[in-house]
Amino acid sequence: MAGLDLETARTIVRGVFAAGAKAGQRPLTVAVADAGGHLMVLERADGANPGGCEIARNKAYGAVMMNIGGTRMRTLSQDTAWFLPAAQEVCGGRIFPVPGAVLVRDDSGRVVGAVGVTGDTPENDAAFASAGIEACGFAPEI
């Protein structure tokens, strides 16, 4: 399976919004980054938190840069005092270590990008991101 292209990134975003709508979520913001952490797509639903653009973008960026999903980042931040300050230093303050930062892996396990979702609870954000990723045949790592 190839890496992320623009159409696939857009399809992931549509899948995230569809999963959120089905669950009756609050307005979401979704960012998709490639394997280098570069933003490919950023969409903010009507009524979504204006700060959500930077949150979603940093969720996706941080997952790629740290090579772990937001759920694991949150656990590391809680359990290891040095993790978050060190990660923030290395990544220029662009780490948002909570669920909703989801790695995208291809069928060989290679990271091809990440999705950042914000607007609902962190756990719901991660579930919506996972649904969009899975709809494209990729494996999410929350």
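**Reading a predicted model: strands, burial and cores**

Thr29 lies in strand β1 of this predicted model.

Q: In which direction do β1 and β2 pair, and over how many bridges?

A: In a regular strand, side chains alternate between the two faces of the sheet. Here β1 is paired with strand β2, residues 39–44, in the antiparallel sense, and five bridges join the two. Thr29 has Arg44 of β2 as its bridge partner. The hairpin formed by β1 and β2 has four residues between the strands, and Gly37 in this hairpin takes a positive phi near 85°.

Q: Is Thr29 buried or exposed?

A: A residue counts as buried when its relative accessible area is under 20%. Thr29 has a relative accessible area of 1%, and therefore it is buried.

Q: Which residues are in contact with Thr29, leaving aside its neighbours within four places in sequence?

A: The contacts of Thr29 include Leu42, Glu43 and Arg44, as well as Ala48, Asn49, Gly52, Cys53 and Ala56. Gly116, Val117 and Thr118 are also in contact with Thr29.

Q: Where is Thr118 found, and is Thr118 buried or exposed?

A: Thr118 belongs to strand β4. With a relative accessible area of 13%, Thr118 is buried. Not counting residues up to four places away in sequence, Thr118 touches Thr29, Pro27, Leu28, Gly52, Ile55, Ala56, Lys59 and Asp125.

Q: Which residues touch the most other members of the largest nonpolar core?

A: A nonpolar core joins buried residues of certain kinds through their side-chain atoms. The largest one in this model has 21 residues, and Ile12, Val16 and Val115 touch the most other members. Two or more residues of this core come from each of α1 (6–23), β1 (29–34), β3 (101–105), β4 (111–118) and α5 (122–134). The element that gives the most is α1, with five residues.

Q: Which residues does Ile12 touch, not counting residues up to four places away in sequence?

A: Ile12 touches Leu4, Val32, Val115, Gly132, Ile133 and Cys136. Apart from the largest core lies another core, of 17 residues, among them Met73, Phe83, Val111 and Ala114.

Q: How many aromatic pairs are there, and which charged end sits over the ring of Tyr61?

A: A pair of aromatic rings is described by the distance of the centres and the angle of the planes. In this model the count comes to one aromatic pair. As for a charge over a ring, the charged end of Arg94 sits over the ring of Tyr61, 3.7 Å from the centre of that ring.

Definitions and conventions: Residues numbered from 1 in each chain as written. Predicted model: local features only at pLDDT ≥ 70, side-chain atom pairs only at ≥ 80, totals over all residues. Heavy atoms only, no water. Core = buried A, V, L, I, M, F, W, Y, C linked by side-chain atoms within 4.5 Å. Buried < 20%, exposed > 50% of the residue type's maximum accessible area, 1.4 Å probe, protein only. Contact = heavy atoms within 4.5 Å. Pairing = 2+ DSSP bridges. Phe/Tyr/Trp six-rings, centres within 6.5 Å; stacked < 30°, edge-to-face > 60°. Lys NZ or Arg CZ within 6 Å of the ring centre and 35° of its normal.
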